[in-house]
Amino acid sequence: MVDQTQPEIAHVQSKNRAINHDKQNTIKLNKVKEIYKDSNGLDNISEHLMNQFRQIMSEGRQWYVQITNVKI
């Protein structure tokens with residue numbers, strides 16, 4: 001019985017991770033959009049907000065670079 005539930009547990013955990021990942025990305029996207037809009041296209045932006053903007057944008061880039069560097 002235990003062996004039959006292991007794949008189901010892994011599937012549920014994977015699904016929950018995907019949902020959480022989507023939520024986090026949506027939150028980050030909304031924050032970046034808010035910073036961009038409030039700063040008039042980054043023309044009038046404080047150093048603090050620019051650092052936040054760069055950090056959020058670089059997190060996505062680092063993930064993309066890690067995935068593209070994987071050799072199959």
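This briefing walks through a pocket, a salt bridge, a nonpolar core and a loop in one structure. Keep in mind that the model is predicted. Two helices come up again and again here: helix 1 covers residues 2-38 and helix 2 covers residues 47-68, and each gives two or more residues to the lining of the largest pocket. The loop between these helices has points of interest too, among them asparagine 40 and leucine 42.

**The largest pocket**

- A good place to begin is the largest pocket, with a volume of about 300 Å³.
- Its lining is made of 11 residues, and those nearest the centre are Asn25, Lys28, Ile56, Glu59 and Gly60.
- Which helix gives the most to this lining? Helix 1 does, with 6 residues.
- By kind, the lining residues of this pocket divide into 5 nonpolar, 4 polar and 2 charged.
- Glycine 60, one of the residues nearest the pocket centre, belongs to helix 2 and is partly exposed, at 40% relative accessibility.
- Asparagine 25 is also among the residues nearest the centre; the C-alpha atoms of asparagine 25 and glycine 60 are separated by 9.0 Å, although the two residues are 35 apart along the chain.

**The salt bridge**

- How many salt bridges does a search of the whole structure find? The search finds 1.
- The partners are glutamate 59 and lysine 28, whose side chains meet at 2.9 Å, N to O.
- Because glutamate 59 lies in helix 2 and lysine 28 in helix 1, the pair ties together parts that are 31 residues apart in sequence.
- As background, side chains of opposite charge can pair when their charged atoms come close.
- Are the partners buried, exposed or partly exposed? Glutamate 59 is partly exposed, with a relative accessible area of 29%, and lysine 28 is partly exposed as well, at 30%.
- You have met both residues already: Lys28 and Glu59 are among those nearest the centre of the largest pocket.

**The nonpolar core**

- Which residues make up the largest nonpolar core? There are 5 in all: Val32, Ile35, Met50, Phe53 and Ile56.
- Both helices take part, with helix 1 and helix 2 each supplying at least two residues of this core.
- Helix 2 gives the most to the core, with 3 residues.
- Ile56 links two topics, as a member of this core and as one of the residues nearest the centre of the largest pocket.
- Phenylalanine 53 is in contact with Val32, Ile35 and Leu42, leaving aside neighbours within four places in sequence.

**The loop between the helices**

- Leucine 42, one of the contacts of phenylalanine 53, is found in the loop between helix 1 and helix 2.
- Leucine 42 is partly exposed, with a relative accessible area of 23%. Buried would mean under 20%, so leucine 42 does not count as buried.
- The backbone deserves a look here: leucine 42 has a positive phi of about 70°, although this residue is not a glycine.
- Asparagine 40, in the loop between helix 1 and helix 2, also has a positive phi, of about 60°, without being a glycine.
- Asparagine 40 is exposed, with a relative accessible area of 57%.
- Is serine 39 buried or exposed? Serine 39, found in the loop between helix 1 and helix 2, counts as buried, at 2% relative accessibility.
- Not counting residues up to four places away in sequence, serine 39 touches Asn44 and Ile45.

Methods: Residues are numbered from 1 along each chain as its sequence is written. This is a predicted model: local features need pLDDT of at least 70, side-chain atom pairs count only at pLDDT 80 or more; totals for chains, interfaces and linings use all residues. Side-chain values use heavy atoms; hydrogens and water are left out. On a 1 Å grid over the protein atoms alone, a cavity is a set of points where a 1.4 Å probe fits but cannot get out, and a pocket is an open set with protein on both sides within 12 Å along at least five of seven lines; lining residues have an atom within 4 Å of a point. Grid points are joined across faces, edges and corners, and a volume is the space filled by probe spheres set on the points. Helices (H or I, at least four residues) and strands (E, at least two) are DSSP runs, numbered from the N terminus. Ala, Val, Leu, Ile, Met, Phe, Trp, Tyr, Cys and Pro count as nonpolar, Asp, Glu, Lys and Arg as charged, and the others, Gly among them, as polar. A salt bridge is a side-chain nitrogen of Lys or Arg within 4 Å of a carboxyl oxygen of Asp or Glu. Buried means under 20% relative accessible area, exposed over 50%, partly exposed in between (1.4 Å probe, protein chains only). A nonpolar core is a set of buried Ala, Val, Leu, Ile, Met, Phe, Trp, Tyr and Cys residues joined through side-chain atoms within 4.5 Å. Contact means heavy atoms within 4.5 Å.
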